[in-house]
Every structure is written in structure tokens, then in C-alpha cells.
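Subject: Structure for you to look at

Hello,

Here is the structure I said I would pass on. My notes on it follow below.

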Amino acid sequence: QDVGDDGDDDSSTLHVQLGGSLDSLDPQLAGLRNTQVVVNRVVEKLFEPDIEMEMEPVLAEGYELTDDGGSVIIQLRDGVMFHPPYEREMVAEDVVYNFDRVSDPDTGSPRQDNFDNLEDWYAEGDYELRIDFEEPEAALEATLANTGMHVLSPDALEEEGDASSHPVGTGPFVFEEWVTRDHIHLVAHDDYRVDGVPGVEEVYFRPIEEPATAITEIQEGEIEMLHDVPLDNAGQLEDDDDIQVQFVEAPDLRFRMMVNASDNEIDGRAPGAPTQSQNIRQAIAEAINQPDFVEIAAGGHADVGQTVYPEDNVWGVDYQPFSVEADPDRAQELIEESDFDAPVELTMISASDEDDLRTLGQLAQDQLNDAGFEVNLEEMEVASWVERLNAFEWDITPNHGSHSPDPALKRFERMFWTDEENVPYYESPDSNADRVFEIFEEDSSELSQDERYELYAEFQRLLCDDAVYLICCHPQNAHALRTYVEDFEIHPMDMYFPIHNARLEQ
Amino acid sequence: MISFVHTYFHNFLEEHTRYRRIYARFRRNTLAMFGLYFTIIYVIVAIVAPLIMPYDPGSTDGARRLLAPSLEHPFGTDRYGRDVFSRVLYGTRISLRVAALVVTIATVTGVVTGLVAGYYRSWVDEAISRTVDVFFAFPNILLGLIVVAILGPGLNQIILALGIAFAPIMTRITRGSAISVREEEYVLAAKSYGEHSFNIMFREMLPNMVSAVMVQATIIFAFSILAEAGLSYLGLSAQPPTPTWGVMISEGQRNLQTAPWISLFPGIAIMSTVLGLTFLGVGLRDALDPKTDVDADTTGGI
Amino acid sequence: MSREPLLEVRNLHTEFQTEEGTVKAVDGVSYEIYPGEVYGVVGESGAGKSVTGLSVLDLIQSPGQITDGEIRFDGVDLLSLSESELRSIRGNDIAVIFQDALSALNPSFTIGTQIDDVIRNHTDATDAEARERTVNLLDRVGIPNASERANQFPHQLSGGMRQRVMIAMAISCEPDLIIADEPTTALDVTIQAEILSLLQELQRENDIAVQLITHNMGVVAQMCDRVGVMYAGTLVETGPVSSIFRETSHPYTKGLLEAIPKINDPRERLPTIPGQMPDLVETPSGCSFRTRCPYEKPACRTDEPPLEKAGDDHHSACIRTDELTLTPEFSSDDELDRSDDRRDEREQEPLLVAEGVHKYFSTSSGWIDELLGHGDQIRAVDDIDISINRGETLGLVGESGCGKSTLGKTLAHLYQPDDGRVVYAGSDLTAMSKRQLKRERSNIQVIFQDPFSSLNPRKTIKQIIGRPLEIHGLVDSETEKEERVRELLSEVGLNESHLDRYPHEFSGGQKQRIGIARALAVDPDFIIADEPVSALDVSIQAKILNLLMDIQQEYDISYLFIAHDLNVVQHISDRIAVMYLGEIVEIGTVDQLFDPPYHPYTEILLSSIPRPIPGAESSRIEPEGDFPDPSDPPAGCRFHSRCPHAMPDCERSPPASQSVSDGHLVSCHLFDETVMSDKETDIDDVLNRQEELNEVLVEDQS
Amino acid sequence: MSWSQYAIKRTLSSLFVLFGASVVIFSIVRLIPGDPAQVLLGDTAREAQLEVVRRELGLHRPVWEQYFIWLSDVLTLDLGRSYMNNQLITELIAIRYPRSLQLAIFTMIFASMIGIPLAIWGASNRNSSRDYLALFFSQFGVSIPSFFLGVVLILLFANYIPLFPPSGYMSFFDHPLGNVVHLFLPVVTLTVINAAIITRYLRSEMLENLNSEYVQTARAYGHSERRIILKYVAKNAMIPTITVIGIQFGGIIGGVVIIEEVFSYPGIGLLLLDSILRRDYPVIQISLLAIAATFIFVNLIVDLIYGYLDPRIRH
Ligand SMILES: Nc1ncnc2c1ncn2[C@@H]1O[C@H](COP(=O)(O)OP(=O)(O)OP(=O)(O)O)[C@@H](O)[C@H]1O
Ligand SMILES: Nc1ncnc2c1ncn2[C@@H]1O[C@H](COP(=O)(O)OP(=O)(O)OP(=O)(O)O)[C@@H](O)[C@H]1O
Ligand SMILES: [Mg+2]
Ligand SMILES: [Mg+2]
């Protein structure tokens, strides 16, 4: 429930559940996905994918590539107003200011890599922004739509130091108040450039982690929408006549296991760890029972598939080298082919305060134990998990969540980075690592869409064969809403939660 | 089984009048006897759990998830398709292990520090007591939480954490008891014939503090089961696939409306175990209480 | 008897259901109390005295129950009354005074409130009236500043004051009968004397009947008109106090009377009663005393003797009453020459010498107190010089809290003195290393006061006595140890087969014997006996005293014998030291101490002892005020605040120790010629008075 | 020792304990593994970025230096900002703490209202069925895990019979009714447990006092059983019970972690749990300090009351 709600049901207040609380409201700095869910409707970017996953200009109006493809000139929308009390029109300099901020190492944004291919950016007048590339850019719109490319009010940033507790942008909602662990209050931006948007006067985001609680709350009508529908419990909500659940295939969601193939001793990796052997990794892949993951981890609302992108996705490939249901016998055979004897001991780390990770980890543990492995599952808090993850002190770990819909955006996964500080974990000798990195590093901007597809299809197949990046299933994105919430249509990527379209039946 | 234990216990106590009197007092207390029987059953279940579990407590099955209690699955199944009954049985073992080790750690630490503080008094006492005061400012569950945050989650860490968390109360109880026992003249007597301090503490004083320590240990035993469950509820205890009751309750909470049995049975298991232990503890205290233990034959001439 | 009895108890039976069986605590007791008389009930511990008293008011709580009998008060059968009718009698017509006033008073209400409550409970006095009456009562029982004191809590008062409060409460509703259950047992002799005389005064003034329960024959003799002697739940003898003492007709009463050490009695073994009281669960058939009775006949086994007439208003439950003459054998030797059997000439070589010993305790608890300057120093032992010769017994007396035990423990080196030296057989204990000290520990041993706490309840007798042997390497093997423990047990008169028993299986007296055996185990030369008999009944006390004297004779041991009872101390000692507030005020041989002159404090102590001689004229000298706070002792002479002879000098300067004759030291300005020379009062006056007192004391014995 | 002397002494020793607690808090917080910079930036952060953040947070200084900086900040009430969202910690605490306080106060009021009469009622009818009822309730209440009771209550009163909201919080000033309704289930849960503890403690105190000699005196002076129990015994038994109630109160404030988690009640417990998970050192420290300080403060107050009512303990 909320604080500050005036209580009369003037039916223009929306209460929305969030699956977890936030750390920060600074969209350029925050690590958690939920921050994006909330802030994306307060602070906008130049582009954003629509529900068809087509890129749509938001703060931009259009763009023109220079002939050599080395630069782009982006026309900005005019009449875009920052929120009060920093009300003024947004101009190209403001975008430059934001780009400077994110790319500046001193800011400490985890989104710096967005700028890896951007050489320079400057305003050409109030409504034109010019960007020079290092290399021609294949996925320009997607890059500009990426997390961290938000345009915050420079005035507000100057005044407050950062946006972590008070984000000021140009979006349909104005940030009003945040009481940690309690609620985030947004109100309609009256001067928003689109008429009739947003559809409600106020939104309260309430973090409710406990699924049972969230379900009760929406059934009681205490809240109108669940952002994070536990897929497991979706059936229960669907049974309720007052509630509808929207599902959509998510291009960016996957339940996956990372398998540590590295033999890099600098990272404290013991020599001769079993997962350095491709046989063992493949045995692991054979041990995974995808339908059980679909049922248990996603309550049936997921698709099987072994490659990074689901089959129906633009980048999807039809490639399933391992049995979809577990094949313990095959796994045993693979183990026998390796230098290891069953049961093979594996160290799995997982996070105890992330429901999905726990489920993935525990399921995988049981399935592996049935197929000739002995998995020591260590659950820890996310904070420790991240630390362990980065220290590579594990053989296998569940991971989940979303990332960019375009594989060319080199934010694929931390484990593929190859700069000085970040040694890739994936460079095991008996693997396709070399070719994978080659593709990863390859500049695809010159290529046609079909050629790019082929390239990344190969990439996915190689990755799949190597069994370093095991897809358990592709969960769907789902939201639940009371039936009197109208005009809301689910977005395939849950961080673009189109709450500004929702309105309440009078 | 029970009657065997009963007889054995009885014979053992028969040997000594003091114990016989304690046992007689204990036996008249129905609740205490209930607690004793319950605890015995609990310990037996913990020991033989692997033999009587119908299923592997960690075995998942997508096709059998969230089944209501039936003959096949007396307590139903959870969302992983695991058999709740087997898990509850196995959980007994875990909670017994945790509780037994926590009690050991807390008792050994608490008794040694409490005895040293109560015996030496002066600055030693001051240092120990103030440290205990400081620890007392943090509720048990918080101490556990912090220690687990430091050591990382896991059964052994929980055991250590709770051992640390419960030691101060044991220190306090022991110290209090040591201070009063120290005033007894036999302590002075031992000193007067040159007994070593260590022997005075552990051979003269400690045996006379056994009942206070034992009663407190039973209480800690019960409380550590509760505390472990609480910390597992927060996801900080044993690592999967080890089932602990607290983890089961917290896991079941997400399916509470549709499959309440997942949380309910482990909850009942905790409750009845702790209840049994509490009755046992209270019964013990009443039976051992020196105030009711008046020696009737100490009056009269020579 | 022309008057109607006020209280008439007939054939009272009170039983307790316990795990061991039914305890027949009161087993057919009949007696009556007439208006205005003091009826004493005596007997050893556990005889059923208290239960009898409580039964009168039907205050027996579960698991106890009055199973039979009749209690008539003022003609009304109390046992037939309803609870509320009984309540209107309790405290109003019959009041009770308990032994331990601290626990008998409610700790969290002021004493004023507690008395107010009683008054308002039985009268319709308003709050203000009740309080006024309370203050008057407190004033009446001798509490200074009564109106302020009324607002204090029990723990803020001294022991004597608390007992006065209990008395005030008892007389608050002008009862006809007061049941006083050992009202002075917990108090020091000087305070006991005050309380007894207060009680007597009030009783006479208001014509109140008193049932006085006590185990002290002296108190009985001094206070009572008639007496009932209880043994094992029954009354064995009852009658006027003088005939009980002078025409004793029950062997038990005789035993009780003879076992008391008396001033001027010869230093020899005391007559004792053998055996111990049977437990009240399975009383033997016939006379319950027969197993301990020297006059037992076969008939005693079968017949339960009824109370039969043994004289005017004198009854005794012994079938041989008529045949026996049982007048106690008090020594009648007026001119007893004590130097005969005292060893003052022998072995004057000092064994243990304490020089300028100080032992202070701090009352602060922890560093915060110290930081704040809270807490004071209690000078428990303040500059004491003392020496004990080989083979002698030095008695140490003084009021509770004066530092006797502390001195004892310091001499035994259980406490490290804050200043001064303790030299034992020529070597300085205070300068010794731990190792040396440990060796020395076998020479000095301690016997403790409380037989219940001085033995570790979790150890067998063999372990308890054997441990010192092991520590000092006096035995080489387990069998040798066992052998030696057996020897020691028989030495102290215990059955050798009791080796593997635990302390709780022994009676108090037996435990004390075990304690003595433990002290003897390491073959010490010097034993500090810290009130070894204070917790025991007279009959047992006599046996322990005998044992201690036997041992001394056999092993040539020196004793420091601590007690607060001068009678006991003088019985066993060669020399006596009198302690007051951390200092020794007088020291000398028994003769020197009891023949004037002596210190005013010794004089008070001596005069306060209730003597077991009915009708003896009270020669009590009243001290002034209470025992002062040991953390804030009076300046000058510490005793001046209570001294009847206090002079201005006494407040100013502490008296130096004066040698009045060979080995007789007194710390009092009265005996300091430099102080007294310019005084009006002649020292001779003092001496004369004291001479008279002494004559009275000696006469009493005949 | 007069009461005021006692009060000064107790206050000083409380301050000392508080100081000890602050040292303990500060040092254990440093022992928690996990790099706050890493948590702040997420698992995709790079080393250079982490270093910047660490510097910003002052994590590069020696620990003892950090402690004294922290202590002086706390003493000047400059509690700093959260690592995570840069919120002023003073504000965070000011919002969260009163909620837990409200929970604790309501709980203790109800628990006392139930526990005290129940104990007196039970003890005054020793071994009757009423006594057994009180005894059973008290044993039952201390045996049930709070979170389990909470879960069951949610199931019963939020799901099956939807009377109360299962979670959340409403400000009393904006929504008096909503506030009360939201407090209902957590307060009931905590009340059952705490009332049981009070009952258990007070009952045994009562029984102990009923065996004491002053009760015999009161009987001997004709006071009625009713007055003996309700006036004499109850007062004596209540005095130490106050201490227990105080300890419980402090315990609730600190132990609310679990109950706040069950009911998603945004109090200081959840704040603490959250910040432990996020390695938000400044918030962990201050929350722990606030909890410890409450506990120490409540105990101080209770001891002072105790010392006032029962002058014996001043010695
Ligand atoms: N509440 C009780 N339960 C069981 N036995 C009891 C109880 N009260 C007294 N007795 C027993 O009754 C007997 C008489 O006790 P009582 O207290 O009257 O003795 P007493 O003569 O007053 O002794 P003392 O001088 O020690 O006070 C004792 O054997 C005692 O053990
Ligand atoms: N360990 C101690 N700590 C503090 N004060 C003490 C200690 N032992 C004794 N005292 C104090 O020292 C004074 C003397 O005590 P001590 O026990 O020597 O007296 P006592 O003459 O043996 O008395 P009693 O006849 O009651 O045994 C008392 O005021 C006592 O309170
Ligand atoms: Mg008695
Ligand atoms: Mg003493």
C-alpha cells in the first residue's frame, strides 16, 4: 500500500508491483533491471524498441548517416520539456552532456562500453547531434536505445550531483518521491508532448518480492498491476476473472547456466577442473532436462531451445545438438570419454536472494546429480555471488535476465570481454573459443542483414557445441493486470514497461 | 522402543536417591514426560530418517509438482516435484545436528567464560561481562545474520553463528551460577588445601552448576532450532539440496494459496519439536530446581 | 488453674505428603496457653515446633494438612471456622512473628504500608489514622524517627530493626496471643537481648499471651512461664519453667540442658545425647526417644508413653518418670580453679604471629563505581596483631560482620592481606611464592561454619577427604588413600563404610565431622575453626566440641576458634580475643577476660547471653544503638557510639592497646591512665561494678 | 546508593556498552565479504570503474581511520549517505525506524495486556485447568516460529478470509485506518509470541513469590488470597517482569528482520537486511547502531524503573 495516496478512488492512480526493491534511480549508473523499469518512463532515450521490436525514435526525430558511414547526424525532437523544477526545453547540448557523463570513466558508469565504438559527439545547433564512429556502426538505433543512453536534465545533475535519488528527465511521468523498500511515486507530466499520455495521473511502484503476497494484493485490488508475475504462479492469476495475464515471447530473456571452461590460473582456477573438458561440458548439457525447467522454473510459460536466441526470434537458429529431455546415459558416456570418473564433482554457485537463480541452480543440481555428477551447490547473497563470479571460483553457475536484442552490441556477457583487466574465462584449448572470439570481435557493420544473421548463427552454434553457455529455456515476459486496466499491451522486453499507455476504466 | 528407553532410564536413575527423587518429580509432570517422549521420538527419527524416507528428498520432477497430500505423498509435493514428507523427515536430521552442535559450542564457550569470570571476578569478570553486555545489545537473530553475512551462508556457518549468538546467555547464566557457587565453603576449603584454580573451577564448581547449565542448554537447544529455521527462512542456512524446515517454509510461501502443505508440514514439525523440547526443559528445571530439592534427612543429631 | 485457657490445642496431627512418604510433623500434640503467659516450645531442629505454631492459625499449605485434632481459641474451635472467619482472627486476635524478618516482610512495600495494611484489614481506620497508628507502633517498639522510617523498605533496616518492625506489626491490632517462631535466632546476642526484653516488656504491659518457639534453653529460662519440650513431633515434657529446669523428668530434656556449655563450667567433655532424631516418616514404635535414651527399658519399645503427671502442672511422656531422678548435673563448684586444666603455662612458643594485618574490601562493583567514587572500603580487618601459641586454642568472638571470618581467612592465607605480615612457624606467608605457599597449606587448615556448604555435594566422602591427601602427595596409591580416609573417618567417629556416600546422605553433625576429617587429612598443626558449631543444635554442638578437644589432645593442634557465642568460646579456649569492627578490643586468657576488669564491649557481650537459669535476675547492660556501618566506622574509639561509658575523649582519639596484666590487652580509654588521670570518674567505680556482675554470673551456676 | 547515583552509574555503563557496540558493529561490518563498489555497479563493472567508486566511498583508508571518521560523523549526527542510492541516512532512518517502533510498541502493549492477566490468572489457580491453559499458551507461543505463524495468519486472514492486507504499510497521519489495518497481522503474530514469553516469565515469578515467606506473613495477618495475589505477589513478580518486557521490546526492534520480511513491512529490519545484501556499509552500520542503541536505551530505562521500584537491586 502506499503513502501519500489521497485515498479517493479518482481512478487515475495506478499501483504497480515490482519484483524487487531498487538501489538507485540513476539510469546511467544503476546495476539493477528494476531501475530501468521505473526510470524508463521518467527519463527517455533517443530511440526505443516498440512492441514489435522495431526501433522507434523517441527524443530523436530521425537520422542521416554520412556517406562514408563514419558519422551520423541525428535530428532531435523540438519542444521536449524537462520536468519541473528544472523545466526547460531539451537541446542537443543536453544529450552531449549526458553522453559525456556516461563515457567519463570517473563517473563510474557500467555502461561505458556503449561508447566503445563512438569516437566523438557534439551538438550542431539546438536540434542536431552529430556522432562520429570509430568503425561504421551496424546497430546504431539499438546502441542509442541501450541502457544508460538516457537524457537526464543537466541542471538537475549539476544541482544534485547524480540522479540516484531524484531522476529528472523528459518522460511521461515525473518523479515525485522514493521511499526505499516502500514505494516510488510518479505523477503525470502535464506538459508531455503526446496528448492523452500518460493515461493515469499517478503511479505508485511498490516492491513486493514475495509472490504470494503480490498475488494476494492484486486479487484484493490493493494493486492494479504486477510487473513481475512469477511464471510459476501465473496459472492461479489466470483463473481469476478479474485479472488478466499478458504473456509475450521475450527476445532477451533466457534461463541459462554458465559453465566455466577457463584454464586460466591467474584467476585462481585450479588446473584440471573438470569443466575445462569439452566432454564434461557436453555431459552437463546432456544432463539438462529442458521440459522440467519449463515446467518448474517457468510454470510452463517458456520455450525450449538450446541456442542463445529463441527459435522464433530474428536471430534464432534451429539447432539442438543435445537431447531436449535429459539423457543421463549419454552424459555418462561423455564422462567416460573424458579423463574424469563419475561422479564428477562440480562446484556450483548461486544466489540465495534471487528466486530464479535459486530455482535454476537447485534444478540443475538435481538433474546433474542424476547423470553422474556430484554438484556442491553453494548459495550465497547476490553480493557475494557477484564477487565469486568475477573471481571465477566456480565450475558452473545459473544466470538469468535480459540483455540486448542485437548480438552485435558487445555487451553480450561479461565472460566474453577480452580487454586487459578482464581475462575471458572462455579460452579452453579443446573448444571453439578462437572462432567465437573472432566472430565476436568481427566488425559486422559492413555486412548485409543476411550475412550478419549467418555470422551470428555460427556464433550461436559454436557456443552451443562448446556447452559453456547452456540455455535451460527461454521464459516469456508476463505482466498481470486487473481487467479494468485498459490499453496496456505487454512489451517483449520488460524494462520497457509501457505503463504510460495504461488507463483505468471509469 | 519407548518402553525400553523408559525402563533403562528408570533403572539408571534408580541407582541414586538424588536422581531418583529428581526423576520421580519429573515423571509426575505429564507435560515433561510428553516432552521427553517427544524428544526421544525426534532423535530416533533424526537418526533413522534416511532409512524411512519414501523418496530422495532432493529429487525433482516436473511432472509431479505441487501435488496435494495423498497416500503416495503423505505431505504432498513442492514446486520442484519433491516429496515434502521425505524432506520433513530429513529436515529433522538437519535441525538435530544444528541444535546439538550449537548447544555444544554455546555451552563450551559460555561455561568456560562464565566460569572464569565468576571465579576470578575483578577485571577478568569486568572484561567478560562487558563483552557479554555488548553482545546482548544485538538480538540473537541479528548476531546470526551478521555472522552469516561474514562467513557466507551454509549449515556449518549457521552452526558457528548461532553458537556465537547463544554463547553470551550461557556465559551469563554460568557466571551467575559460578558466583553463587563460589561462595560455597567447599570452594574455600579446596583453596585452603591448595587445590589448583583450574581444578577448583572445573572439578569442584562445575559439577554443582550442571543443573543450571543443563536447563539453559535445553532452552538453547530449542531456540537454536527456531533460530536456524528463521535464518533459513531468510535463505542463509543449509545449502541445497539439504532440506531444512525453515527453507521449506520460505520456499512454500510462494505457493501458499494453492499448495499450503509445502509450508504447513515443516512448520508443524518445527513447532512440535520445539514444544516437546520446551516441555522437557521446563520439566527438567522443575525437577532439578534446588529450591524444591530439599534434603529431608539433613536435620537431626549424629 | 482457675483461669480458662486462651488457647487449647488437643491431639493435633499435622502431616506432609512428600515423595518419601507421609511426614508426621506434629503427631498428637496437646497443650494450652493461658491469657498473659509466655509458653515456650523448645526442641531440636525438625522436632515440629514451627509446624505446631502454624497449625494453630491453620496456615499449613499444601502438601501439608491438619489431619486431626482440635484447636480452641477463646472457646472457638478454629478448625471449624470458614476461611473468612479465620482471616478475621489472624493478625487481629492471634499474631505471628517469624524468625527471618527480612524474608517475612514484603521486599517491595515500605514497612509503613505493610503495617497500615494490617491495621486497615482489621479495623475501619482511614489511611491517615492507620498511618498515625503505625508510626506510634514503630515508635513504641523503639524505632527512632518512626515517621521517616515508615517510608523505608525492609532491606534498608538493620536486622534488629526489622525484627522490631515485625513486633510492631504483631501488636498492631492488639492481639491476645502472639506466636513468636524463633524471633531472635537470626540475631546477634546483643540484639537478641534487646528484642527479648522488648517482647517481654510489651507482653507484660498489654497482657498478651505468647507462644515462644525457640531452641535456646537460655531464652526459655529467661522468658517463659511454662514450657513444652518437643521431640519428633510430640510433646515429651511440659510444665512450669522452674520445674522443667530443676525437676527435669524426661531424659531428653535433661540431655538438652546438659549439653549447653556454661560460663564457668569446667573445660571437659560435655555430656551429650547419642544418636539422632528419627525421621518423621517412619517413627519407631514405642517411645520415639528410646533409641537415644540411656534409661531405655524393654517396655519403652512397645508402649507409646502418654504425657503423665510428674508434679504440679508438670507432665512428662516417659514411663520411667517416677523411678528416675533426672536433675541436670550442673557444676556446682563455685570456686572453680580453671587454671588447673588450662594449659597457659605450657608451650608458650608462638606458632602463628600476625603483625599489623589489614584486609579491606571495596564495596564498589566495577570500574564505573570507582570512577564515580561510589563504594567505600570496608575495613574488615584493621591493623590486627595477634599471636597463637603452639597447642593452644585462641577463641575469637564478636558480633556478626565484625571481621572474624575475614581475619581467619587472612591468617589461613585464603586472602592476601592488604598490609602486614603473617608469620607461620617463623616463615612469612605473605612473602612466599605460590609454590612454597602450597606446601605450607598443609600446615594450616580450616573447618567451616556451614556443614551444608562446606562439602561438595557432587563428590563422595572418599573424594572429599582424599583430595587433600593427593594434592600434598601424602598417599601414593588409590588403596593407600582409601586406607587413610578410613582411618580419618574412624578418627572423627564416623562409620568407615560410608566411603562412597555423598554428603546429602549425612546429617548436619556428621557432615561437620567429615569437614573435620578433611582438615585433619593433611596433618596440620594449626586449624582455623570458623564457627564450626553455630549452625548446629545444642546436642550436636556438644558432640562436635568434644571431638575438637579430643583431636587437639591427640595431635597437639592449635586452634583459632571463631564463634559469636561466648559460652562456647570460653568452653574450648585458652585465650580469647574480642573483636569489634575490624579491631581486637580485648585479648587475654579466659580468666583474665572474665575476671574484671574488662572492656565495656566484652561486658555487654557477656551480659547479653541469656542464661539457662530460670528466674535469674537480668543483669543485662544495654548497648546503645545498632552495629555501625562497617564502611563508615565511628571516629576515635570505634565502640564509643554504643559504649555506656563513652567519654568525650573516646570520640576524639582511638585508644591504644593497654596491657592490664600479663598477656591481657585492652583497647579502652578507661584503662588508659593518661586519659583517666584527669577524670572525675574513678576507674575503681567501673571495676567495682564489673566485679558485682561477675559475682552474679558465678552465683547463677549454683 | 541513592537512585540518582544509581542512574548515573547505569547511564555510564550503558554508554560504555554502546561504545563497545559501535566498535563491534564497525569491525564486523568490515568483515563482511563483498565489495560495495562491485555491488553498486553490478557484475558488468570494470576494475577502473570500481577503483573510482571505492575512492569516492573512502574505502581506501585504513580501517581504524574509517572508524574514527565514522564515529565523529555519528556524534555530529552527520550520518552520511547510502552507498546505493545516495539517500541521506538520517532520512532513511527517520522514515524506517518509527515504523518498527510502532510495531514494537503496539506489540508490547497487547502482549502485556494479554500476558500479564493470563499469568496472574493462571498462577492464582495453581494446577487448575486455567493454569494449564496459561501454561500451554505460553509454551505454545514460545515454540512457534514467528515467520511460520505469520505465514499461517496470512493464509487464514488474508487469503481464506480476506480481512486484512497481507503486507505493506500505511502512514498513520495519512491513513489512520489503513495504518491500523496494515499493522494487524504483524502485530498479532508478534503479540502471540511475546505474550507467551510474558506469561511464562510472570507465571513462574508469581509461583516463586507465592512460595516466599512474606506470603505466609500476609496470610498470617489475615489478608485475603485475592489481595495477596493482586497486590503483594503481583507487584513483586511484576518488577522483574518489567525487565523482561524491556528486553523483549529491544528484541522486537532488532528481531523484526524476519517478521518484516514476512509481511514486507518496510521498517528498520528490512532496511538492515537489504543493506546487508547490498553491502551498503553506512546503512548497515547505522541500522545496527540504531537497533543496539534502542536495546541499550530501553534496558537502561527499564533498569532505572526497576531500581526505583525495587531499591534492593541498586546494591
Ligand atoms: N512444607 C513441608 N513439606 C514437607 N515437610 C515439611 C514441610 N514443612 C515442615 N516439614 C517437616 O516437618 C518436620 C517439622 O518441621 P518444623 O519446621 O516444624 O521443625 P522445627 O522444630 O520448627 O525445626 P527448626 O528448629 O529447624 O525450625 C520436619 O521434619 C520437616 O522436614
Ligand atoms: N568478600 C568480601 N567482599 C566484600 N566485603 C566482604 C567480603 N567478605 C566480608 N566482607 C565484609 O567484611 C565485613 C566482615 O565480614 P566477616 O565475614 O569477616 O564477618 P564475621 O565477623 O565473620 O561475621 P559473621 O559472624 O556474620 O560470620 C562485613 O562487613 C562483610 O560484609
Ligand atoms: Mg522452625
Ligand atoms: Mg563469619
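Helix 14 of chain C gives the largest share of the shell around ligand 2, namely three residues. Please keep in mind that this is a predicted model.

First, the ligand site. The surroundings of ligand 2 comprise 14 residues, and those that come nearest are S400(C), G401(C), K404(C), S405(C) and T406(C). Sorted by kind, the shell holds six nonpolar, five polar and three charged residues.

Oxygen atoms of ligand 2 have polar partners in chain C. A polar backbone atom of G401(C) is 2.8 Å from one oxygen atom of the ligand, and a polar backbone atom of G403(C) is 3.0 Å from an oxygen atom of ligand 2. With E531(C), the partner is an N or O atom of the side chain, 3.2 Å from an oxygen atom of ligand 2. On its own, ligand 2 exposes 630 Å², of which the protein buries 66%. Two elements of chain C give two or more residues to the shell: strand 14 (377-389) and helix 14 (404-411).

Second, a sheet in chain A. Four strands make up this open sheet, with antiparallel pairing and the order 4-5-7-6. Strand 4 (60-65) and strand 6 (118-123) are at the edges, each pairing on one side only. From one strand to the next, the twist averages 20°.

Within the sheet, five bridges join strand 5 (residues 71-76) and strand 7 (residues 128-133) of chain A. I74(A) has L129(A), in strand 7, as its bridge partner. Helix 2 (residues 92-103) of chain A lies across strands 5, 6 and 7, and runs at about 150° to strand 6.

Regards

How values were computed. Residues numbered from 1 in each chain as written. Chains lettered and ligands numbered in written order. Predicted model: local features only at pLDDT ≥ 70, side-chain atom pairs only at ≥ 80, totals over all residues. Heavy atoms only, no water. Near = heavy atom within 4 Å. Polar contact = N/O pair within 3.5 Å; in protein donor to acceptor, adjacent residues only side chain to side chain. Areas by Shrake-Rupley, 256 points an atom, 1.4 Å probe, with all protein chains shown as cover. Nonpolar A, V, L, I, M, F, W, Y, C, P; charged D, E, K, R; others polar. Pairing = 2+ DSSP bridges. Axes fitted to C-alpha atoms, helices over the stretch in contact; angles between N-to-C directions. Contact = heavy atoms within 4.5 Å.
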